[in-house]
Amino acid sequence: MNLTARMRVKFSIVSVIVTLSVTTISLLIFLALSTMNNTKAIAAPGTRAIPVGSFIINMGSNPATMNASLRPYGMIYDLIVNYNVPIVWSIDPAKTKDARDFQYLGSNYAGGTFIVESTFINAAVSARITYWQTQGIIGLYTSSALSVPHYADLTSFPVVMIDNLAGLDSILVAYYNNAAIPATSYTIGNPSQLTACYDLWANPHADPTYATHGYLRNFVINNKGYIFAQCHSVSMFESLINPSAPFDTLNFLSTQGLQCYGKNKCLPITEEHAKPPTGPYTEFFPTDPVMQYVGNLYNAYINNGSEKWFIPVSTGQWRGTTKRLLTTSDGTSPKEGVLATYGPAFGNASNGYVMWAGGHDWGVGSGAHFINAQRVFFNYTLLAAKARALAITANYPPTITQGVTYALTANVTTGTPPYTYQWLSSGGGTFSAPTSANTNFTAPGVPANTDINLRVVVTDACGRKNISNSNVTILFNSPLPVTLTSFTADNNRNSIDLKWTTASESNNDYFSIEKSDDGKEFVEIGFVKGSGNSTSTKKYSYTDFNPKFPHNFYRLRQVDFDGQFDYSKVVLVKRAKQSKLLLFPNPARVGELKLKAETLEGAYEIQVSSTTGKILITQKGIIKNDDLSPIAVDPDEKLNPGIYFVRFTSKQTDEVQKVVIQ
């Protein structure tokens, strides 16, 4: 008999449909958080409590690299768009340049850290995280709860058009390729094709005129779209005037336009700025989401291009709402020279935003400054996604009771109808209409105090998608026949020890110990005899001698003499795989890398592959049980300096480790 059926035997349950107002939900959430027991982390205002088993993406690599610093954007695109997983963006609102956002297990995390919460990590998502790690993503799973500064939950990506009027759209396409964001995330076109369906128009280089680019005025004012442009198109944009309506201009970020990059190139503006810009250069706004990177940036802007920096004409200045992110030493505020800047178009916060950046092509080199410049671009696209995301109002009760039915509704107030809906639950249960705006959700029969996540994914007619979600707590329909006061799992080297204590027992036949590697599908691994009827404290234990990695979920199924049963809460134990290999030194010089295979014997194979997956070296051999000498991994010195993956395969193990060749 399942848990829901048991509840119906013991009690007469009437399904209750509950519809809660937003105000009521907010109050209930506050009360629920205020009364939670001390096993759940409660975040202070402006912070987020991150549960055990979450994955932290380290964005603070210094120097920045394509794999560790750009590909995380491809990873979060993949998880949001393909797996409906929200991403936490953590930024310390009080940090200085290159300072950490938070610290965990003695390591500093900086550069605007992304976090995948364990609530959303199922087998499929775990497999994708593993895949992205093979692509060079650096990160770890949390083994304890922590609290981090919270800037935003990323739940969507912008619909982007890359301009092709100058035939240089390949510059921006290369940025997307470097970040491993697929071509489905953008279209190639020109401003005349812009509609309300687009969130961001991006231009790597152009010679704009009002006839070809005047559409951008409507795009930012009426469609609230975002704009990004590089190189000398910037000073040309700021000079453009509608010849038939002189008050219609494109001086988005300055009051009177910018000094031109060349003689008579920005008429009617005739002022030219001196070349090159004057250093030193100063970076501002280290807590701004666009400025999330670690290390040098300005070299990317002054490295190449016909316009590396911008400065207002002598009769004008930067608008007061324009953030001068990176300044030169030319001029003084509010007329200083800049390498990168952004703000609301025409100084009106209700308009879309515009960003100008110097330089022609940041994809021409692998230097950290080029990587950081591309990061700034993608950070700006995330800002656009956040501002342009579909506005979803959905009701979620903070707690739900097993077997009870609740009315859930979702209302969308922005975007382009018609909308499609998809309701999801991380912990089971059923939706009466999973693809409708309104649905009834029947709570699953999972253990008490389990948190599950309810989500609704909404897509509009433009293909713009957003995710609304909330964690809710499962409550039991009846008291347990056994009062369980504790249930713990201790991680030992070769086993996991389970211990639990009861304060009282009624009709208790035995405990079935159940185990899962994903927290959803459980199997019985043993049982312990109960005490029948008892009013005194009883202690029990069970040892699992076959732990797995990385996750071991356990729960108790308490069974009565009549066969009825209840479940305990679920406990999680994380284990790291015990490596049998030692690669040394790491980093190593060319030809010096060695491998020591401890406690292994028999035939083996070693494969060395590049970060793109190309196999460069294959070695085979036999290890004798008394042979402890190391194996030379690159005896022919085939490897050049770089990052490689070494795979060792034998009957006893199949392991992959990353090495650096200097």
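The following conversation goes through a predicted model and asks how some of the words used for it are justified.

Colleague: Before the details, what makes up this protein in terms of helices and strands, and how far does its C-alpha trace span?

Modeller: The model, which is predicted, has ten helices and 41 strands, and along its principal axes the C-alpha trace spans about 95 × 70 × 35 Å. Of its 662 residues, 51% count as buried, and the protein exposes about 28300 Å², of which carbon and sulfur atoms supply 52%. Among the contacts between residues at least 6 apart in sequence, 69% join residues at least 24 apart.

Colleague: Why is Asn84 called buried, and what is notable about its phi?

Modeller: A residue is called buried when its relative accessible area is under 20%, and Asn84 has a value of 10%, so the word buried applies to Asn84. Asn84 also has a positive phi of about 55 degrees although it is not a glycine, and its place is in the loop between α3 (66–83) and β3 (87–90).

Colleague: Phe285 has a positive phi too, so which word describes its accessibility, and how do you know?

Modeller: The phi of Phe285 is about 55 degrees, and Phe285 is not a glycine. Its relative accessible area is 34%, and because partly exposed covers what lies between the 20% limit for buried and the 50% limit for exposed, Phe285 is called partly exposed. This residue lies in the loop between β16 and α9 (298–303).

Colleague: What makes you say that helix α5 is largely enclosed?

Modeller: Seven of the ten residues of α5 (residues 169–178) are buried, so the helix is largely enclosed by the rest of the structure. The buried residues are Asp169, Ile171, Leu172, Val173, Tyr175, Tyr176 and Asn178, and what covers them includes α3, β10 (160–163), β11, β12 (200–203), β13 (226–230) and α10 (368–388). After α5 comes Ala180, whose phi is positive, near 60 degrees.

Colleague: Several of those strands belong to a sheet, I believe; why is it called open, and which strands are its edges?

Modeller: Eight strands form this open sheet, in the order β11-β10-β12-β13-β19-β18-β17-β16, with mixed pairing. The edge strands are β11 (186–189) and β16 (282–283), because each of them pairs on one side only, where pairing requires at least two bridges between two strands. Within the sheet, β18 (residues 338–344) and β19 (residues 353–357) run antiparallel and are joined by five bridges, which meets that requirement of at least two. Thr341 stands opposite Trp356 in β19.

Colleague: How do you know that strand β22 is mostly covered, and which strands does it pair with?

Modeller: Six of the eight residues of β22 (residues 405–412) are buried, and the strand is described as mostly covered on that count. It pairs with β20 (residues 392–394) in the antiparallel sense over three bridges, one bridge partnership being that of Ile392 with Val412 in β22. With β25 (residues 438–442) the strand β22 also runs antiparallel, joined by five bridges, and Leu408 stands opposite Thr439 in β25.

Colleague: Where are the cis peptide bonds, and what are their omega values?

Modeller: One cis bond joins Gly279 and Pro280, with omega about 0 degrees, and Pro280 lies in the loop between β15 (245–249) and β16. Another cis bond runs from Pro417 to Pro418, with omega near 5 degrees, and Pro418 is found in the loop between β22 and β23 (420–425).

Colleague: What lines the second largest pocket, and how much space lies in it?

Modeller: About 1300 Å³ of space lies in that pocket, which is lined by 33 residues, with Thr130, Gln133, Thr134, Val656 and Gln657 nearest its centre. The elements that each supply at least two lining residues are α4 (123–134), β7 (139–141), β37 (602–610), β40 (642–650) and β41 (654–661), and β41 gives the most, with five residues.

Colleague: How do the lining residues divide into nonpolar, polar and charged?

Modeller: The lining of the second largest pocket holds eleven nonpolar, 15 polar and seven charged residues. Of the residues nearest its centre, Val656 counts as nonpolar, whereas Thr130 counts as polar.

Note on methods:
Residues numbered from 1 in each chain as written. Predicted model: local features only at pLDDT ≥ 70, side-chain atom pairs only at ≥ 80, totals over all residues. Heavy atoms only, no water. 1 Å grid on protein atoms, 1.4 Å probe; cavity = no way out; pocket = protein on both sides within 12 Å on 5 of 7 lines; lining within 4 Å. Points joined across faces, edges and corners; volume = space filled by probe spheres on them. Helix = DSSP H or I, 4+ residues; strand = E, 2+ residues; numbered from the N terminus. Buried < 20%, exposed > 50% of the residue type's maximum accessible area, 1.4 Å probe, protein only. Contact = heavy atoms within 4.5 Å. Areas by Shrake-Rupley, 256 points an atom, 1.4 Å probe, with all protein chains shown as cover.
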